[in-house]
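Student: I am new to this structure and would like a close look at a single part of it, the sheet. Please take me through how its strands are arranged and what packs on them.

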Amino acid sequence: MKHKSQKEIVKKILLSQGEITRNICIRELYITRLSGIIFRLKKEGWKFNEGFRKYERGIDYVYYLIESPYKRVEYTVPELGKTITIYE
């Protein structure tokens, strides 16, 4: 089984959820250098808004995906009765 790099994990989350937080990376994914990964993604053409968000239990730093170098394609699968989004 091939292990994904931390950068690949962050990219997958950004593409599927549109945002990623510092505390989620630390607590759930054990990724401690999110800002370094985001810095590299910016050099590759990814665009973000970023800032603090207040939660019930405190505040967290969030990166919101604005644009990625991937093309978004949506396919309708009648057999499943839903639309699937992929990035090429």
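Tutor: Two strands count as paired here if DSSP finds at least two bridges between them. In general, strands of a sheet pair through backbone hydrogen bonds, either parallel or antiparallel. The model shown is predicted.

With that rule in hand, the sheet can be described. It is an open sheet of 3 strands in the order S1-S3-S2, and the pairing is antiparallel. Strand S1, residues 19–21, and strand S2, residues 47–55, stand at the edges; each has a single partner strand, so one side of each is left without a neighbour in the sheet. On average, neighbouring strands of this sheet are turned by 25° against each other, with direction ignored.

Take the pairing of S1 and S3 next. Strand S3 covers residues 58–67, and 3 bridges join S1 to S3, the two running antiparallel. In this pairing Glu19 stands opposite Tyr64 in S3.

Two helices belong to the picture as well. Helix H1, residues 6–17, packs on the sheet and touches S1, S2 and S3. The direction of H1 makes about 130° with that of S1. Helix H2, residues 22–29, also packs on the sheet, touching S1 and S3. For H2, the angle between its direction and that of S1 is about 65°.

On the other side of S3 comes its pairing with S2. These two strands pair in the antiparallel sense over 9 bridges. Phe52 stands opposite Tyr61 in S3. S2 and S3 also form a hairpin, with 2 residues between them.

It helps to place the sheet in the whole protein. The secondary structure comes to 3 helices and 5 strands, and along the sequence the pattern reads α-β-α-α-β-β-β-β. The protein has 88 residues, of which buried residues make up 30%. Among contacts between residues at least 6 apart in sequence, 40% join residues at least 24 apart. Along its principal axes the C-alpha trace spans about 45 × 30 × 30 Å. The accessible surface comes to about 6800 Å², and 52% of that belongs to carbon and sulfur atoms.

One surface feature involves another strand. Tyr75 is found in strand S4, residues 72–77. Tyr75 counts as partly exposed because its relative accessibility is 41%, and partly exposed lies between the limits of 20% and 50%. Together with Leu80 and Ile84, Tyr75 forms a nonpolar patch on the surface, with about 280 Å² of accessible area for the three together.

Conventions: Residues numbered from 1 in each chain as written. Predicted model: local features only at pLDDT ≥ 70, side-chain atom pairs only at ≥ 80, totals over all residues. Heavy atoms only, no water. Helix = DSSP H or I, 4+ residues; strand = E, 2+ residues; numbered from the N terminus. Axes fitted to C-alpha atoms, helices over the stretch in contact; angles between N-to-C directions. Contact = heavy atoms within 4.5 Å. Patch = residues over 30% accessible without salt bridge, like charges linked within 9 Å, V, L, I, M, F, W, Y side chains within 5 Å. Areas by Shrake-Rupley, 256 points an atom, 1.4 Å probe, with all protein chains shown as cover. Salt bridge = Lys/Arg side-chain N within 4 Å of Asp/Glu carboxyl O. Buried < 20%, exposed > 50% of the residue type's maximum accessible area, 1.4 Å probe, protein only.
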